[in-house]
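Please take a moment to look over the sequence and the model before reading on. The paragraphs that follow move from one kind of contact to the next, with the place of each residue given along the way.

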Amino acid sequence: MSEWVEQAVCRSVDPDMWFPEDGTNNRWNPVFKICASCPVRAECLREAFDLDMQYGIWGGTTANKRGKFKWRKRSKMDRDRIIERLLGELDDAIENMDAQKRETYERLMQAKADYRKGQAA
């Protein structure tokens, strides 16, 4: 087992969540937010590439996303850039998801207030 695994946030979560069978490999899957908060996600992602992991979510990426890169043919510098790019994409996706949730909540609260105004009138 790699040393970084001891520091992984996912160690405290059901491992089945990282291998969804129902196709929840989308940005709304809560594991992506867990990955985004993990201090060793770069190491996790690098290991997924190095071991050619064909299944599951590793370092906040799906097998489909990882499969788009020809990892073994890349230089170390290219590999480092890929890791940084993918981690940045995860950060951006989580930030956008949080913003969408806040916006939805605000709209719901406004609708509730409008409804109550209508009831009082």
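Asp-80 is partly exposed, with a relative accessible area of 26%, a value that falls between the 20% below which a residue counts as buried and the 50% above which it counts as exposed. Bear in mind from the start that this is a predicted model, and that every value given here has been computed from it. The partner of Asp-80 in a salt bridge is Lys-76, and the closest N and O atoms of the two are 3.1 Å apart. Both residues belong to helix α4, and because they are 4 residues apart there, about one helical turn separates Lys-76 from Asp-80. Lys-76, for its part, counts as exposed, since its relative accessibility is 57%. The contact is also part of something wider, as Arg-46, Lys-76 and Asp-80 are linked in a network of salt bridges.

A second salt bridge in helix α4 can be read in the same manner. Here the side chains of Asp-78 and Arg-81 meet, with 2.9 Å from N to O, and the two residues, which both lie in helix α4, are 3 residues apart, about one turn of the helix. Asp-78 counts as partly exposed at 25% relative accessibility, and Arg-81 is likewise partly exposed, with a relative accessible area of 48%.

How many salt bridges does a search of the whole structure find? The search finds 10 of them, and one that deserves a careful look is the salt bridge between the side chains of Asp-50 and Arg-79, where the distance from N to O is 4.0 Å. Asp-50 lies in helix α2 whereas Arg-79 lies in helix α4, so this pair ties together parts of the chain that are 29 residues apart in sequence. Asp-50 is partly exposed, its relative accessible area being 31%.

From charged side chains we can turn to aromatic rings, of which the model contains 2 pairs. One of these joins Phe-19 to Trp-58 in an edge-to-face arrangement, with 6.4 Å from centre to centre and 80° between the planes. Phe-19 sits in the segment before α1, which spans residues 30-36, while Trp-58 sits in the loop between α2 (41-50) and α3 (63-67), so that the pair, whose members are 39 residues apart, links distant parts of the chain. Phe-19 is partly exposed, with a relative accessible area of 40%.

In another aromatic pair, the ring centres of Phe-49 and Phe-69 are 6.1 Å apart and the planes stand at 90°, so this pair too is edge-to-face, given that planes over 60 degrees apart are classed in that way. Because Phe-49 lies in helix α2 and Phe-69 in the loop between α3 and α4 (76-120), the pair ties together parts that are 20 residues apart in sequence. Is Phe-49 buried or exposed? At 5% relative accessibility, Phe-49 counts as buried, and Phe-69 counts as buried as well, at 13%.

The cysteines call for a different kind of reasoning, for the structure holds 0 disulfides. Why does Cys-35 not form a bond with Cys-44? The sulfur of Cys-44 is the closest cysteine sulfur to that of Cys-35, but the two are 6.3 Å apart, which is too far for a bond, because a disulfide requires the sulfur atoms to lie within 2.5 Å. The argument for Cys-38 runs along similar lines, since its closest cysteine sulfur, in Cys-10, is 6.0 Å away and therefore too far for a bond. Cys-35 is buried, with a relative accessible area of 8%, and Cys-38 is buried too, with 13%.

Finally, we can return to helix α4 and look at two further places along it. Ala-93, which is in helix α4, is partly exposed, with a relative accessible area of 26%. Although Ala-93 and Ala-36 are 57 residues apart in sequence, their C-alpha atoms are 9.6 Å apart in space. Met-109 also has its place in helix α4 and is partly exposed, with a relative accessible area of 35%. Together with Tyr-105 and Leu-108, Met-109 forms a nonpolar patch on the surface, and the accessible area of the three residues together is about 320 Å².

Definitions and conventions. Residues are numbered from 1 along each chain as its sequence is written. This is a predicted model: local features need pLDDT of at least 70, side-chain atom pairs count only at pLDDT 80 or more; totals for chains, interfaces and linings use all residues. Side-chain values use heavy atoms; hydrogens and water are left out. Rings of Phe, Tyr and Trp (its six-membered ring) pair if their centres lie within 6.5 Å; planes under 30 degrees apart count as stacked, over 60 as edge-to-face and the rest as tilted. Buried means under 20% relative accessible area, exposed over 50%, partly exposed in between (1.4 Å probe, protein chains only). Patches are made of residues with over 30% relative accessible area and no salt bridge: like charges are joined within 9 Å, nonpolar side chains (Val, Leu, Ile, Met, Phe, Trp, Tyr) within 5 Å. Accessible areas come from the Shrake-Rupley method with a 1.4 Å probe; for residues, only the protein chains shown count as cover.
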